[in-house]
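Open the model in your viewer and keep the selection tool at hand. The tour goes from one selection to the next.

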Amino acid sequence: MNILSIQSHVAYGHVGNASAVFPMQRLGHEVWPINTVQFSNHTGYGAWRGPVFPADAIRDVLTGVEERGVLPGCDGALSGYMGDAAIGDAILDAVARVKAANARALYCCDPVIGDVGRGVFVRPGIPEFMRDRAIPAADVATPNQFELEFLTGRTIRDLEGAKAAAQALRSAGPAAVLVTSLQTSETPEGAIELLAVDGEGAFRLRTPLLPISVNGAGDAIAALFFVHLLTTRSAAEALARAGSSIYGVLKATADAGSRELLTVAAQEEFVRPSTMFAPVAV
Ligand SMILES: Nc1ncnc2c1ncn2[C@@H]1O[C@H](COP(=O)(O)OP(=O)(O)O)[C@@H](O)[C@H]1O
Ligand SMILES: Cc1ncc(COP(=O)(O)O)c(C=O)c1O
Ligand SMILES: [Mg+2]
């Protein structure tokens, strides 16, 4: 498959396209990355350098790809960390151009806004853009629990609440929703959950909670879930593969004591996860 991936890029470490592109390539897919920023490192370090690209730069690169005549072969567009709200229009314009060229192409929006620990970590206007413009245009969305709560205006306390919020998001646009880093009153101590909901039902995947906090896992799991969904057309299957792969990479990362994901060193996890976790219909 051919995947257009519009998100951040960092020189050092693995977030945004620097986390998402390689796993898709390792699974055999062609990726057409367009970078929304080029930073030295992710913003979780508190300091970083490098530019946020203007919307026109993103449009221009997409126009160049379009001029190669290849957009009819694009199977999916993936967007993530934006840098600035002005980039939003360029992303939705790119999605529209991909869909005009290939009516079967899907758009996966990873609505990067923030997380439970850090709160909102993107520029003003981006959360509202995600809620009001990107989500309605998306076929697939991959919010973490914090983002799902913001996007739906609901507080998630238990699994039923998480399912209801995911359904509310589905009625706003995306047919398939993957909720990451789910921890409700029903999540056992020492565990973390993923919840995938599509027209077939709701599925939960539970893994051990590792004693680490790294950035970029969300970007990688969104990419993995999207390409597995495109190839298998099953949210439950995509959930099992993507969740098991991320767990394997994070386990290796924790074992190595690394602050950055072991995207390269643990690459076998993308193809053959050391542990396959089974999804449960809920
Ligand atoms: N400490 C952890 N232990 C186990 N799995 C984790 C841990 N942190 C992240 N993950 C896995 O990676 C997924 C995506 O990470 P997450 O932090 O939710 O993304 P985001 O960065 O978008 O918030 C989680 O749903 C979970 O499956
Ligand atoms: C440049 C950049 N891209 C993407 C992300 C998203 O990372 P995550 O996958 O942890 O949500 C971050 C988070 O700090 C970031 O700084
Ligand atoms: Mg994220």
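## Two ligands and a domain

Start with ligand 1 and color the residues around it by class: the shell has 10 nonpolar, six polar and one charged residues. Keep in mind throughout that this is a predicted model.

Next, select Thr180, Ser181, Leu210, Ala217 and Gly218, which come nearest to ligand 1 among the 17 residues around it. Then show the elements that give two or more residues to this shell: the strands β8 (176-182) and β9 (191-198), and the helices α7 (217-232) and α8 (235-256). Which element gives the most to the shell around ligand 1? It is α8, with four residues.

Move on to ligand 2. Here 16 residues form the surroundings, and the closest are His42, Thr43, Tyr81, Asn215 and Gly218. Gly218 is already in your earlier selection, as one of the residues that come nearest to ligand 1.

Now highlight β1 (2-10) and α7, each of which supplies at least two residues of the shell around ligand 2. The largest share comes from α7, with three residues. Color this shell by class too: seven residues are nonpolar, eight polar and one charged.

Last, select residues 90-258. An unreviewed UniProt entry places the feature "domain: Pyridoxamine kinase/Phosphomethylpyrimidine kinase" there. How much of the chain over residues 90-258 is helix, and how much is strand? Helix makes up 49% and strand 20%. To finish, pick the C-alpha atoms at the two ends of this stretch; they are 35 Å apart.

Conventions
Residues numbered from 1 in each chain as written. Chains lettered and ligands numbered in written order. Predicted model: local features only at pLDDT ≥ 70, side-chain atom pairs only at ≥ 80, totals over all residues. Near = placed C-beta within 6 Å. Nonpolar A, V, L, I, M, F, W, Y, C, P; charged D, E, K, R; others polar. UniProt positions renumbered as here; feature names shortened; annotations may be inferred.
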